[in-house]
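Here are some short exercises with worked solutions. Have a go at each task yourself, then read on.

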Amino acid sequence: MRSRMIFLGAFALVVVVMVIAAASQTGSPQSGEASLSAKSGHTPEAVPRLKRHLFARTALYTRSANGMQATARSLEEQTLDVTTVLSNMGGYDWLRIVNTAKGIDGWIMEHLTSAVPDMKIPKNGLLPIGQERVDRYAALPHDYKPADLVNLDMQYCRIRQIQMRREAAEAFVRLHRAAKAAGVSIYGFSGYRAYETQRQLYLNRITIGERHRQRYVARPGHTEHQLGTVVDVVGPDIRHAAMHSFDTTPEARWLRTNCYEHGFVLSYGADNRIPTGYGYESWHIRYIGKTAIPAWVRTYLDPGHEVARRYAGR
């Protein structure tokens, strides 16, 4: 979440409102904290000291008996204090923002905002692999770009060359070679994605008014791709890139049971028992390191799952 690019074919990308708050590692908002939730009805709900980052230029709206009306004033990208949340009015969720010093008092569309990161980037410019938190609720700093990004050699890529963090890239090469030995060919076609790239992708893909369908594109700052440890993969037939037709390929079947041995997980796997809020993506794998795999498997896969049985007791 979280995110993806369309290659060699159109596929429907649609929008559902994000439930956003400080959350636990399972992706659920913690009790007692301010949150934005998709509730039915037009009753405003006050929220204490909630900040949101507006990542696209938008009009400031006023509320009237006929709904929301755009004013002549527009707002540029900035971080704002939210006082009230209004859910599902005219197909949108709304945030009331007030800044007396700037003369701002009005409403903006919630889907043009993202969480305000509360993490600190280490001095070496690297978040610890396997411990990074980015999902529908938690965002990365806008300027986070791992300092150890490397180009993945083109022999392991399809469509275009990609970047990954050095450790993740080396692990992917090992995964590629293991798959090759098993008779399948797995290549990367999308890796590190900068905040600005994700912002443009999101704004180009969202379908205005479809508030319950944001399942395949993450908001800027909320995509795992910005970590540099994620790779979207495809087999020799690039027509399956970022398509659900990849699900039935030998490459996808091999990944479902073997990616873990190389330190990768299926972030949005069909068998994950903790909902992510994103649609199933059989091509999206994230490197967390081999030592973190047993704990991840115990948390996300049912005990009876083939992979969970393999890791039982490790």
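Helices (H or I, at least four residues) and strands (E, at least two) are runs assigned by DSSP and numbered from the N terminus. The model is predicted, so local features need a pLDDT of at least 70 and side-chain atom pairs count only at pLDDT 80 or more, while totals for chains, interfaces and linings use all residues. Residues are numbered from 1 along each chain as its sequence is written, and side-chain values use heavy atoms, with hydrogens and water left out.

**Exercise 1. Take stock of the whole protein.**

Task: find how many helices and strands the protein has, and what share of its residues count as buried.

Solution. Start with the elements: there are 5 helices and 17 strands. Next comes burial, where buried means under 20% relative accessible area, exposed means over 50%, and partly exposed lies in between (1.4 Å probe, protein chains only). By that yardstick, 54% of the 314 residues are buried. Finally, look at the surface, using accessible areas from the Shrake-Rupley method with a 1.4 Å probe. The protein exposes about 13900 Å², and 50% of that comes from carbon and sulfur atoms.

**Exercise 2. Work out a sheet.**

Task: give the strand order of the open sheet of 4 strands, and say which strands sit at its edges.

Solution. First, the rule: two strands pair if DSSP finds at least two bridges between them. Strands of a sheet pair through backbone hydrogen bonds, either parallel or antiparallel. Here the order is β13-β15-β17-β16, and the pairing is antiparallel. The edges are β13 (187-190) and β16 (264-266), each of which pairs on one side only. On average, neighbouring strands are turned by 45° against each other, direction ignored. (Such angles run from 0 to 180 degrees between N-to-C directions, with axes fitted to C-alpha atoms.)

Now check the links one at a time. β13 and β15 (residues 230-234) run antiparallel and are joined by 3 bridges; Gly-188 stands opposite Val-233 of β15. Another 3 bridges tie β15 to the antiparallel β17 (residues 284-287), where His-284 is the bridge partner of Asp-232.

**Exercise 3. Look closer at β15.**

Task: is β15 largely enclosed or not, and why?

Solution. Count the buried residues: 5 of the 5 in β15 are buried, so the strand is largely enclosed by the rest of the structure. Then sort them by direction. In a regular strand the side chains alternate between the two faces of the sheet. Val-230, Asp-232 and Val-234 point one way, while Val-231 and Val-233 point the other way.

**Exercise 4. Find the buried side of a helix.**

Task: which residues of helix α2 (residues 195-205) are buried?

Solution. The buried set is Tyr-195, Gln-198, Arg-199, Leu-201 and Tyr-202. They lie on the same side of α2 because they cover an arc of only 165° around the axis. That arc is taken from the directions running from the helix axis to the C-beta atoms.

**Exercise 5. Explore the largest nonpolar core.**

Task: which residues of the largest nonpolar core touch the most other members?

Solution. Such a core is a set of buried Ala, Val, Leu, Ile, Met, Phe, Trp, Tyr and Cys residues joined through side-chain atoms within 4.5 Å. The largest one has 44 residues, and Phe-172, Tyr-260 and Phe-264 touch the most other members. Elements giving at least two residues each include α1 (166-181), β15, α3 and α4 (293-300). The most comes from α1, with 7 residues.

**Exercise 6. Visit strand β4 and a hairpin.**

Task: where is Arg-52 found, and which residue's backbone oxygen lies 3.5 Å from a polar atom of the Arg-52 side chain?

Solution. Arg-52 belongs to β4 (residues 45-54) and is buried, at 2% relative accessible area. The oxygen in question is that of Ser-114. Leu-50 is in β4 too; its C-alpha is 9.0 Å from that of Thr-84, although the two are 34 residues apart in sequence.

For the hairpin, turn to β5 and β6, which have 2 residues between them. β5 (residues 58-64) and β6 (residues 67-75) run antiparallel with 6 bridges, and Ala-59 has Ser-74 as its bridge partner.

**Exercise 7. Compare two positive phi values.**

Task: is Ala-242 buried or exposed?

Solution. Ala-242 has a phi near 60°, positive in a residue other than glycine. This residue sits in the loop between β15 and α3 (250-258) and is buried, with a relative accessible area of 1%. Asn-88, in β7 (residues 78-89), also isn't a glycine, yet has a positive phi of about 55°. Asn-88 is partly exposed, at 24%.

Key
A polar contact is a pair of N or O atoms within 3.5 Å; within protein, one must be able to donate a hydrogen and the other to accept it, and residues adjacent in sequence count only if both atoms are side-chain atoms.
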